[in-house]
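This report walks through one protein chain, from its overall layout to single residues. The sequence and the model come first.

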Amino acid sequence: MSTPAVTVHPEQRVAAAARGMERHRVDRLPVVDEEDRLIGVATRRDLLRVFPRKDDEIRREVTDAVLPRVLSPTGPCAVTVVSVRDGVVTLAGRLADRDAVALAVRSVWRVDGVVGVVNHLTGLTDLTGLTTEAGPGVSPGRRRVP
């Protein structure tokens, strides 16, 4: 067994557990409860149904296939950062509006191997001279002057 022990909790996604096994090069993961008491063991065989993809494969699919399909090529769109680490995709940039942000995030979640999406995208709509932002920590009704 590795030291410290690499463990998972029962509420973790199977794909995240599979990635943890691969990253730490272990064949078994103790499953522990919220008080770190052993409640079971997950083996590689248990996780065979979930094939963890390499981060560069996920990034390539997101940048080459998903984003071009869901984003308007003529609108004021720019996804400036797409990074992937352990199956978690981080998106940053500015899109035409909040709907485009939501569509991009939903579409990335559907990519095989994605275990999470960190959204740093903002949606800009300049209809009334005000800029509406939609992004992390910004409520949909909040407006600010550019």
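## A loop residue to start with

The model is predicted. R25 sits in the loop that links α1 (14-24) to β1 (28-32). R25 counts as exposed because its relative accessible area is 75%, over the 50% cut-off. The backbone of R25 has a positive phi of about 55 degrees, although R25 is not a glycine. Most residues other than glycine have a negative phi.

## Overall layout

The protein chain holds three helices and seven strands. Read from the N terminus, the order is α-β-β-α-β-β-α-β-β-β. The chain has 146 residues, and 35% of them are buried. Its accessible surface comes to about 9,500 Å². Carbon and sulfur atoms account for 52% of that surface.

Sequence separation is worth a look too. Take the contacts between residues at least 6 apart in sequence: 46% of these join residues at least 24 apart.

## The β3-β4 hairpin

Strand β3 (residues 78-85) runs antiparallel to β4, and seven bridges join the two. One of the pairings is between S83 and T90, with T90 in β4. The two strands form a hairpin with two residues between them.

D86 lies in the loop between β3 and β4. Its phi is positive, near 55 degrees, and D86 is not a glycine. D86 is partly exposed, with a relative accessible area of 26%.

## Helix α3

Helix α3 covers residues 98-109, which makes 12 residues. Does its length come out as expected or not? At 1.5 Å a residue, the helix should span 16 Å, and its end C-alpha atoms are 17 Å apart, so the two agree.

The buried residues of α3 are A100, V101, A104, V105, S107 and V108. Seen down the helix axis, these residues fall within an arc of 165 degrees, so they line one face of α3. An α-helix has 3.6 residues a turn, so residues three or four places apart point the same way. The cover over the buried residues of α3 includes α2 (55-70), β4 (88-95) and β5 (116-123).

At the start of α3, D97 makes a polar contact. A side-chain oxygen of D97 comes to within 3.0 Å of the backbone nitrogen of D99.

S107 belongs to helix α3. Its relative accessibility is 6%, so S107 counts as buried. The side chain of S107 reaches the backbone oxygen of L103 at 2.8 Å. Which residues does S107 touch, leaving aside its neighbours within four places in sequence? They are V66 and V70.

## After α3: V111 and L124

V111 lies in the loop between α3 and β5. V111 is buried, because its relative accessible area of 5% is under the 20% cut-off. Leaving aside neighbours within four places in sequence, V111 is in contact with R53, I58, E61, V62 and V66.

L124 has its place in the loop between β5 and β6 (131-132). L124 is partly exposed, at a relative accessible area of 27%.

## R69 on helix α2

R69 is found in helix α2. Is R69 buried or exposed? R69 is exposed, with a relative accessible area of 60%.

## Pairs distant in sequence

Three residues discussed above each have a C-alpha separation to a residue elsewhere in the chain. The table lists these pairs.

| Pair | Separation along the chain | C-alpha distance |
|---|---|---|
| V111 and I58 | 53 residues | 7.4 Å |
| R69 and A104 | 35 residues | 9.4 Å |
| L124 and R98 | 26 residues | 7.2 Å |

The pairs tie back to the elements already described. V111 also counts I58 among its contacts. A104, the partner of R69 in the table, is one of the buried residues of α3. R98, the partner of L124, lies within the residue range 98-109 of helix α3.

## Putting α3 in context

Several details meet at α3. Helix α2 is among the elements that cover its buried residues. S107, in α3, has V66 and V70 as contacts. V66 is also a contact of V111, which follows in the loop between α3 and β5. Strand β4, the hairpin partner of β3, is also part of the cover over the buried residues of α3.

Conventions
Residues numbered from 1 in each chain as written. Predicted model: local features only at pLDDT ≥ 70, side-chain atom pairs only at ≥ 80, totals over all residues. Heavy atoms only, no water. Helix = DSSP H or I, 4+ residues; strand = E, 2+ residues; numbered from the N terminus. Buried < 20%, exposed > 50% of the residue type's maximum accessible area, 1.4 Å probe, protein only. Contact = heavy atoms within 4.5 Å. Areas by Shrake-Rupley, 256 points an atom, 1.4 Å probe, with all protein chains shown as cover. Expected span 1.5 Å × (residues − 1). Arc of directions from axis to C-beta. Polar contact = N/O pair within 3.5 Å; in protein donor to acceptor, adjacent residues only side chain to side chain. Pairing = 2+ DSSP bridges.
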